[in-house]
Amino acid sequence: MFFSSEFVNDWQREASTLEREWDVIVVGGGPAGATAGLCLARARHRVVVLERYRYPRDKACGDALIPDAIAALRKCALAERVASNAFRASTLQIHGPARAVVEIEGRFWTLPRERLDTLIAQGAMEAGAVIARAKVIDIVPSDSEVFVRLESGETLRSRFVLLATGADVALADRLGLVSRTLPSAVALRGYVRSSHRIESLLISYDRSILPGYGWIFPVGEGLYNVGCGVVVGTTSPNPRGLFERFVGSFPPASELVRRGELVSALRGARLRCGLDGFTPPPHSRVLSIGETIGTTFPASGEGIGKAMETAALAAEFVSESLRRGDDDALARFASRVESELRPKYLAYRIAESWLARPWLCDFFLSRAAQSSYLRGALAGILEERVDPRGAFSLSGLLRSYVD
């Protein structure tokens with residue numbers, strides 16, 4: 001919908017043209033799957049990424065790239081390419097239930113997922129990965145290889161398989177790779193074109209939409225990604241009703257719509273958050289990565305950076321196993337996810353618990369608006385250089401009165 005001619009796809013192969021044997025098959029071509037394909041291709045392995053849709057394909061998402069995603073793109077040598085297509089903001093505003101506001105300085109990019117996913121997949125293709133359109137219907141691992149059956153009738157085989165199917169965990173569940181199949185949250189977003197100008201990324205926990213949250217992310221040229229999310233189980237999920245209350249009650253959203261129009265259909269998505277349901281893989285030749293194992297952050301719904309991180313990590317272990325001719329290295333994937341990635345979700349889990357108490361959320365944001373210490377701590381949490389337990393604590397609040 002928002003694509004220019006430079007993103008026309010002439011490089012995605014069809015399933016019928018594929019070779020039958022590979023070093024690695026990646027199922028799913030979003031940020032996690034394409035990143036895995038890119039890393040493995042750069043390590044000189046024969047890898048194919050199977051994406052069921054043709055690029056550019058849309059994905060309901062906030063389109064925001066926070067520091068961890070920017071860092072992951074930089075490690076993939078794609079940051080400059082993405083930055084040249086992205087809207088870049090230097091501030092993030094967090095609005096509380098009673099309209100308390102704190103502004104955090106940092107580096108934030110936004111880019112519609114049809115563009116972002118296409119750019120990463122193109123990067124993987126340029127590195128030597130094959131990108132193909134195919135729907136996988138079954139995965140059968142054995143001691144020495146994995147068979148992948150396609151809806152079109154072909155059967156491929158490889159030494160290893162990486163599952164990057166997002167919130168669709170049917171294949172992962174069949175293989176015992178997830179312990180929770182239900183989503184953690186649901187979200188809905190649409191694109192608004194407006195003459196009203198908002199230059200910051202906005203996240204709102206307005207009282208009118210609690211226990212849900214909303215966002216307004218500018219993506220450039222007067223276009224805005226506007227959406228809402230709600231944790232499953234906190235209330236009966238009704239994202240459309242939440243969206244209508246958000247644009248009707250939250251002043252920046254109301255003004256955006258008053259001076260503009262919705263230019264896309266509202267599109268929903270399921271979210272898997274906080275590594276909820278991640279379980280050590282029972283099959284040493286099949287790993288799940290990205291949102292399939294719950295890499296989306298609670299409270300904010302951002303998950304691109306951590307999806308890419310798990311993909312790069314899995315690719316590292318798969319590459320080591322391929323070089324050594326065994327699967328011993330893959331056994332360390334789960335422990336690395338637990339030791340290196342799970343702690344990074346702590347701030348978002350704490351924030352989610354505080355948001356359940358509107359008065360506490362407003363008090364914290366009011367203090368942060370007045371305290372350079374708390375604002376710096378929040379910026380540091382986003383950049384993953386500050387322990388969140390310092391800011392989200394009684395001692396942190398007390399320190400905000402001094403610093």
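1. In this predicted model, Cys 76 sits in the loop that runs between helix H2 (67-75) and helix H3 (79-83). Its relative accessibility is 5%, and because residues under 20% are classed as buried, Cys 76 counts as buried. Once residues up to four places away in sequence are set aside, Cys 76 touches Thr 35, Leu 38, Arg 42 and Met 308. One of these, Arg 42, is 34 residues away along the chain, and its C-alpha atom is separated from that of Cys 76 by 9.8 Å.

2. A second loop residue deserves a look alongside it. Val 169 is found in the loop between strand E10 (155-163) and helix H5 (170-174), and with a relative accessibility of 6% Val 169 likewise counts as buried. Leaving out neighbours within four places in sequence, Val 169 has contacts with Val 178, Thr 181, Arg 272 and Thr 292. The C-alpha atoms of Val 169 and Pro 183 are 9.6 Å apart, with their positions 14 residues apart in sequence.

3. Helix H10 (residues 346-355) has Ala 347, Tyr 348, Ile 350, Ala 351, Trp 354 and Leu 355 as buried residues. Viewed down the axis of H10, these buried residues fall within an arc of 160 degrees, so they line one face of the helix. The elements that cover them include helix H11 (358-370), helix H12 (372-382), helix H13 (388-391) and helix H14 (394-399).

4. Phe 392 can be read together with helix H10. Apart from neighbours within four places in sequence, Phe 392 is in contact with Ala 347, Ile 350, Ala 351 and Trp 354, and also with Phe 364, Leu 378 and Ile 381.

5. The largest nonpolar core has 100 residues, and those touching the most other members are Leu 65, Leu 73, Trp 109, Leu 162, Ile 289, Phe 333 and Phe 392. Helix H8 (residues 304-324) gives the most to this core, contributing ten residues. A second core, separate from it, has 25 residues, among them Ile 25, Ile 139, Val 146 and Leu 171. In soluble globular proteins, nonpolar side chains tend to be buried together.

6. Helix H6 (residues 239-249) packs against helix H7 (residues 251-258) at an angle of about 90 degrees, and their axes are 5 Å apart; H6 and H7 are therefore roughly perpendicular to each other. On the H6 side the contact is made by Phe 246, Val 247, Gly 248 and Ser 249, and on the H7 side by Pro 251, Ala 253, Ser 254 and Val 257. By class, the contact of H6 with H7 comprises five nonpolar and three polar residues, with no charged residues.

Definitions and conventions. Residues are numbered from 1 along each chain as its sequence is written. This is a predicted model: local features need pLDDT of at least 70, side-chain atom pairs count only at pLDDT 80 or more; totals for chains, interfaces and linings use all residues. Side-chain values use heavy atoms; hydrogens and water are left out. Buried means under 20% relative accessible area, exposed over 50%, partly exposed in between (1.4 Å probe, protein chains only). Helices (H or I, at least four residues) and strands (E, at least two) are DSSP runs, numbered from the N terminus. The arc is that of the directions from the helix axis to the C-beta atoms. Contact means heavy atoms within 4.5 Å. Axes are lines fitted to C-alpha atoms, for helices over the stretch in contact, and angles run from 0 to 180 degrees between N-to-C directions. Angles under 35 degrees count as roughly parallel, over 145 as roughly antiparallel, 65 to 115 as roughly perpendicular and the rest as oblique. Ala, Val, Leu, Ile, Met, Phe, Trp, Tyr, Cys and Pro count as nonpolar, Asp, Glu, Lys and Arg as charged, and the others, Gly among them, as polar. A nonpolar core is a set of buried Ala, Val, Leu, Ile, Met, Phe, Trp, Tyr and Cys residues joined through side-chain atoms within 4.5 Å.
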